[in-house]
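Thanks, everyone. Let me put the structure up, and then I'll walk you through it.

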Amino acid sequence: MASSESGEPAKADQSLDAAYWLRQARLPARPADGSGALGALGADVVVHIPGPADGLGAGVEPSEAFVRAVARAYEAGLDVAFAGLFAGELRRRVSIPGYPFQHRRYWLEPARRG
């Protein structure tokens, strides 16, 4: 992980408290500096998650920006550990037909309220 504030890789003993993340969100990002620093450490792939300082449009939540970044990484062929991506959320996999000639309907049943 690299700081968007300094462009330097995060230190092992660095505190990633609320003040740190507030600075990261408000200051202009330096993704080229961070990518270069991570590349020098041997990183093959760098994912930049845009925030408000990057001109991220109003109304896009940071979590949505993160999910979009992960989706783009997956589209690019990266191996994404989806099991941990939404840990703690109530989601379920839904099987859908794989081919147009499979004329079966797949309607989701509404969740039952107890």
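First, the term: helices are DSSP runs of H or I, at least four residues, strands are runs of E, at least two, and both are numbered from the N terminus. This is a predicted model, where local features need pLDDT of at least 70, side-chain atom pairs count only at pLDDT 80 or more, and totals for chains, interfaces and linings use all residues. Residues are numbered from 1 along each chain as its sequence is written, and side-chain values use heavy atoms, with hydrogens and water left out.

The overall picture. We have 4 helices and 0 strands. The order from the N terminus is α-α-α-α. Of 114 residues, 14% are buried. Buried is under 20% relative accessible area, exposed is over 50%, partly exposed is in between, with a 1.4 Å probe and protein chains only.

Now helix α2, residues 31-40. Which residues are buried there? Gly-34, Ala-37 and Leu-38. They sit on the same side of α2, because they cover an arc of only 95° around the axis. That arc is taken from the directions from the helix axis to the C-beta atoms. Ala-32 and Ala-40, on the other side of α2, are exposed. After α2 comes Gly-42, with a positive phi near 105°.

On to helix α3, residues 62-75, which holds Val-67. Is Val-67 buried or exposed? Partly exposed, because its relative accessibility is 32%. Val-67 also belongs to a nonpolar surface patch, along with Val-45, Val-47, Ile-49 and Phe-66. Together they have about 370 Å² of accessible area, by the Shrake-Rupley method with a 1.4 Å probe, and only the protein chains shown count as cover. Patch residues have over 30% relative accessible area and no salt bridge, and nonpolar side chains (Val, Leu, Ile, Met, Phe, Trp, Tyr) are joined within 5 Å, like charges within 9 Å. A salt bridge is a side-chain nitrogen of Lys or Arg within 4 Å of a carboxyl oxygen of Asp or Glu.
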